[in-house]
Amino acid sequence: MNARSRRRLGANTTALLVAAVTAFPIFWMVLSAFKPKGEVQSLDPRPWTARPTLESFRQVLSVDGFGRYFVNSLVIALSVVVLSALVVFLAAVAVTRFRFRFRTTVMVMFLIAQMIPVEALTIPLFFMFRDAGRFAPGIGLNTLASLILVQLAFSLPFGIWMMRGFVAAVPVSIEEAAQIDGASRARILWTVLLPLVAPGLAATSVFSFIAAWNDFVFAKTFIISATENQTLPSALLVFFKPDENDWGGIMAASTLMTVPVLIFFVAVQRKLVSGLAGAVKD
């Protein structure tokens, strides 16, 4: 075996080990969801079960308001994805194709915004939405709109920075050729540039969906009394008890929460791969 083969074998082995370590928590979560309660709470845990059961899933689905929580989380996540994709695309085009004063300052501010911990902004945002609710009740506390706006705000800086690279990779000559053919600026934007940067929008949409879907801090902070507007992560609190946690229910609820994320990722991945299949050549 030559040196090149040894390096390839070492790289493949390392990749398999990293994949196994990454996938093991997911495997254990799904396994625990199908285990009977006696095996989940056993002091001698085993990486298999001879008696799989759906009891934990039935217990999760019987939680009062579970369906409502699911719909609320889905509405928030999809709204954030659609709005962030629109704003991110337009903002990335603006900072890439146009030159204006303080352009670099704006991009640096986007980067700094990503560095601020979420926990440091929770209380200021709480008071901001509380005061905003006095003038516009539709976006105040206890509303889904407040969660959509705050998740949108947190998804924009990363999305704009990421999309900026995709837009910059598209040669300007393509837009110039379309303009010579008589296309307007709006048509160039939506029919020429947008399809070429669709892979970037697909990638940013995945991050936006996951962040909005898994949000717990803001949902628990902003939704105070309107229980009908709580999100799916709040359903997990039912299985956390002072004396003993119901780990079977926790794992079953967590497994159900990952299903929409996987479905969304698979759907977006197809668009991502199809977009990358067409290379842009100058």
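## Residue Q151

Q151 is found in helix α7, which covers residues 144-169. The model described here is predicted. Is Q151 buried or exposed? Its relative accessible area is 8%, and buried means under 20%, so Q151 counts as buried.

Which residues does Q151 touch, leaving aside its neighbours within four places in sequence? Q151 is in contact with V80, A211, A212, D215 and F218.

## The cavity

Q151 also belongs to the lining of the largest cavity. The other lining residues are I76, L147, A212, D215, A219 and T231. A212 and D215 are thus named in two places: they line this cavity, and they are in contact with Q151.

By type, the lining is made up of four nonpolar residues, two polar ones and one charged one. The volume of the largest cavity is about 30 Å³. The count of cavities of 30 Å³ or more comes to one.

## Annotated regions

An unreviewed UniProt entry places the feature "domain: ABC transmembrane type-1" at residues 70-268. Over residues 70-268 the chain is 75% helix and 0% strand. The end C-alpha atoms of residues 70-268 are 20 Å apart.

UniProt, again in an unreviewed entry, lists residues 12-34, 69-95, 107-129, 135-154, 188-213 and 247-268 under "transmembrane region". Residues 12-34 are 100% helix and 0% strand, with end C-alpha atoms 32 Å apart. Residues 135-154 are 60% helix and 0% strand, and their end C-alpha atoms lie 23 Å apart.

## Aromatic rings

A pair of aromatic rings is described by two values, the distance of the centres and the angle of the planes. How many aromatic pairs does the model have? The count comes to 13. In one of them, the rings of F70 and W213 have their centres 5.6 Å apart and their planes at 85°. Planes over 60 degrees apart count as edge-to-face, so the pair of F70 and W213 is edge-to-face. This pair links distant parts of the chain, with F70 in helix α4 (residues 66-97) and W213 in helix α10 (residues 198-213), 143 residues apart. F70 is partly exposed, at a relative accessible area of 29%, whereas W213 is buried, at 0%.

The rings of F126 and F127 are also edge-to-face, because their planes are at 80°, with centres 5.5 Å apart. F127 counts as partly exposed, at 37% relative accessibility. F70 and W213 also form one aromatic cluster with F209 and F264.

Notes: Residues are numbered from 1 along each chain as its sequence is written. This is a predicted model: local features need pLDDT of at least 70, side-chain atom pairs count only at pLDDT 80 or more; totals for chains, interfaces and linings use all residues. Side-chain values use heavy atoms; hydrogens and water are left out. UniProt positions are given in the numbering used here, feature names are shortened, and annotations may be inferred rather than shown by experiment. Helices (H or I, at least four residues) and strands (E, at least two) are DSSP runs, numbered from the N terminus. On a 1 Å grid over the protein atoms alone, a cavity is a set of points where a 1.4 Å probe fits but cannot get out, and a pocket is an open set with protein on both sides within 12 Å along at least five of seven lines; lining residues have an atom within 4 Å of a point. Grid points are joined across faces, edges and corners, and a volume is the space filled by probe spheres set on the points. Ala, Val, Leu, Ile, Met, Phe, Trp, Tyr, Cys and Pro count as nonpolar, Asp, Glu, Lys and Arg as charged, and the others, Gly among them, as polar. Buried means under 20% relative accessible area, exposed over 50%, partly exposed in between (1.4 Å probe, protein chains only). Contact means heavy atoms within 4.5 Å. Rings of Phe, Tyr and Trp (its six-membered ring) pair if their centres lie within 6.5 Å; planes under 30 degrees apart count as stacked, over 60 as edge-to-face and the rest as tilted.
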